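This report examines the structure shown below, taking up in turn a helix, the nonpolar cores and a pocket.

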Amino acid sequence: MRIRIVDAFTDRPFAGNPAGVLLLDSFPDDNWLQHVAREVNHAETAFAHPLPDGGEADWALRWFTPATEVALCGHATLATAHVLHTTGVHQGPVRFATRSGVLSATPREDGLFTLDFPTAPLTRVEIPEGVAEALGARPLTAVDTGPNVGDLIVELADEKTVLGLSPDHKALGRHSARGIIATARAEDPGRGYDFVSRCFFPNVGIDEDPVTGSAHTALAPYWSERLGRPDLTGLQASPRSGHVRTELRGDRTLLGGRAVTVIEGELLA
């Protein structure tokens, strides 16, 4: 079977967030899926297979990190939609049946995809004891992102503080189901983004995720409320970096991004 590595939320190779993508006839044993994800060793590997015509979704989709299956993943969904579109396996909008409900991806002629995801429910919480020490910076606020995303958002004083973080990843893992999203308002919105973030997910085997679509289903409502606009652009400032366009539509969040296939080969195992 063919296996592809796709860089998502970027328009150039070796940037954004890489994901493995495998198109299957059906889902094999979970142990095999986990072994493949561990072998690929990227933040997520997506496995998809076609569904019968006439249902609420066109493809079934699952995502695995090297350590575990996850409930929601934006960049690997974008990568899968990109593979379906560029290989001609599926044309036009595609609907995926997932653990987080039906998600859709709609391509434009210029290569941009729009993902339709559930908006994360946000709940303000007390800043947990030990988070400041684990991050190496004192949060201004803390917000729980609900069960599907499973992160704790912490807003920091400014963009410079977010960029300068060098956290204790093991200690961060004690404070949420998946990890910590550190964020701040953009220092200069004229640079093309409204807020900045970094995502640390030690509990699923990812110390720092390059660009995280699912995190932006929480960052979109968080920053839309503060900035007073439904349409925003986030910069995830990992070493690979990437931009995510967000549009808040009540209980749904639209995420916009591009993708590039960088490796294609044959899986023999």
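## Helix 7

In this predicted model, helix 7 covers residues 213–227, and because each residue should add 1.5 Å, its 15 residues should span 21 Å, in agreement with the 20 Å that separates its end C-alpha atoms. Helix 7 nevertheless carries a kink of about 30 degrees at leucine 219, shortly before proline 221, and just after the helix glycine 228 adopts a positive phi of about 75 degrees.

Of the 15 residues of helix 7, 12 are buried, so the helix is largely enclosed by the rest of the structure. The buried residues include Leu219 and Pro221, together with others such as His216, Tyr222 and Trp223.

## Nonpolar cores

Nonpolar side chains tend to be buried together in soluble globular proteins. Here the largest nonpolar core has 48 residues, and Trp63 and Phe96 are those with the most contacts inside it. Helix 2 (residues 74–86) supplies the largest share of this core, with 6 residues.

Another core, of 21 residues, lies apart from the largest one, and among its members are Ala134, Leu152, Ala186 and Val196.

## The largest pocket

The largest pocket has a volume of about 250 Å³. It is lined by 17 residues, of which Phe9, Thr10, Asp11, His243 and Arg258 are the closest to its centre.

Strand 16 (242–249) and strand 17 (252–257) are the elements that give two or more residues to this lining, and strand 16 gives the most, with 4 residues. By character, the lining of the largest pocket divides into 8 polar, 5 charged and 4 nonpolar residues.

Notes: Residues numbered from 1 in each chain as written. Predicted model: local features only at pLDDT ≥ 70, side-chain atom pairs only at ≥ 80, totals over all residues. Heavy atoms only, no water. Core = buried A, V, L, I, M, F, W, Y, C linked by side-chain atoms within 4.5 Å. Buried < 20%, exposed > 50% of the residue type's maximum accessible area, 1.4 Å probe, protein only. Expected span 1.5 Å × (residues − 1). Bend = angle between axes of the 7 residues up to and from the residue. 1 Å grid on protein atoms, 1.4 Å probe; cavity = no way out; pocket = protein on both sides within 12 Å on 5 of 7 lines; lining within 4 Å. Points joined across faces, edges and corners; volume = space filled by probe spheres on them. Nonpolar A, V, L, I, M, F, W, Y, C, P; charged D, E, K, R; others polar.
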